[in-house]
Amino acid sequence: MVKADIVRAIELKLGLSHTDASDQVEGILHLVKSTLTEGEPVLISGFGQWKVREKKSRIGRNPKTKEEYEISPRRVVTFYPSNVWRQEIVKSLNKN
Amino acid sequence: MNKSQLIEKLAVLTQQTNKVSEEAVNIFFNNIKDALNSADKVEIRGFGSFLLKSYGAYTGRNPKTGDKVYVPEKLLPFFRGGKDLRKRVDKGSQGPQPSFDPTMSED
């Protein structure tokens, strides 16, 4: 599934024009992205949560040359699926 | 930001009613869930991709009692941030902010 499939679903279910449906999807992505860029978490109940984590610098090694170098401290996004969703996946697997 | 804040901000940003943005938000997240629940994966350019990742069984321990606990294999949703998202989050608020331009939102 790609973005266009979600836009199409919103078009059909809400009776919006393609442009308006596309704006809804782009708007969601924009708001989630800019919230995370500010370092703030995004919590969607029933779905999951994105958090921004600070990672300390550490020593890495080029596996080919064995050369050591410092991996700079960085901020990364981690997604934690909600318990509700985890249970849904267990159930849908048992059905198949 | 939680879901109701997302709905309100989306309505303002796109000049739609809260009702429309609420439905759009629900369809958006439910479609991603449905895709993964039926073992499909979801790829959204510039944002990231969702897929089911399998985690092998292992024997863990109850940290309180020290008892051995068998944890069976499990499938969990996994999100990998796209290049653009990873870059922006790492740079933080000093970096360029993502823009929203409705006229540029065609695929």
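User: Is F79(A) buried or exposed in this predicted model?
Analyst: Buried means under 20% relative accessible area. This model is predicted. The relative accessible area of F79(A) is 8%, so F79(A) is buried.

User: Which geometry class fits the aromatic pair of W50(A) and F79(A)?
Analyst: Planes under 30 degrees apart count as stacked, over 60 as edge-to-face and the rest as tilted. The planes of W50(A) and F79(A) meet at 50°, with 5.1 Å centre to centre. The class is tilted.

User: How many residues apart in sequence are the parts that W50(A) and F79(A) tie together?
Analyst: W50(A) belongs to strand β2 (residues 48-55) of chain A. F79(A) belongs to strand β5 (residues 74-81) of chain A. The pair therefore links parts whose separation in sequence is 29 residues.

User: What kind of pair do W50(A) and F79(B) make?
Analyst: Their ring centres are 5.7 Å apart. Their planes stand at 80°, and over 60 degrees counts as edge-to-face. So this pair is edge-to-face.

User: Where in chain B does the pair from W50(A) arrive?
Analyst: The pair starts at W50(A) in strand β2 of chain A and crosses between chains. W50(A) is buried at 1%, and F79(B) is buried at 6%. Its end in chain B is F79(B), in strand β5 (residues 74-81).

User: At what distance from the ring centre does K53(B) lie over the face of F78(B)?
Analyst: A charge over a ring needs NZ of Lys within 6 Å of the ring centre. K51(A) lies over the face of Y80(A) at 5.2 Å. For K53(B) over F78(B), the distance is 4.0 Å.

Terms used. Residues numbered from 1 in each chain as written. Chains lettered and ligands numbered in written order. Predicted model: local features only at pLDDT ≥ 70, side-chain atom pairs only at ≥ 80, totals over all residues. Heavy atoms only, no water. Phe/Tyr/Trp six-rings, centres within 6.5 Å; stacked < 30°, edge-to-face > 60°. Helix = DSSP H or I, 4+ residues; strand = E, 2+ residues; numbered from the N terminus. Buried < 20%, exposed > 50% of the residue type's maximum accessible area, 1.4 Å probe, protein only. Lys NZ or Arg CZ within 6 Å of the ring centre and 35° of its normal.
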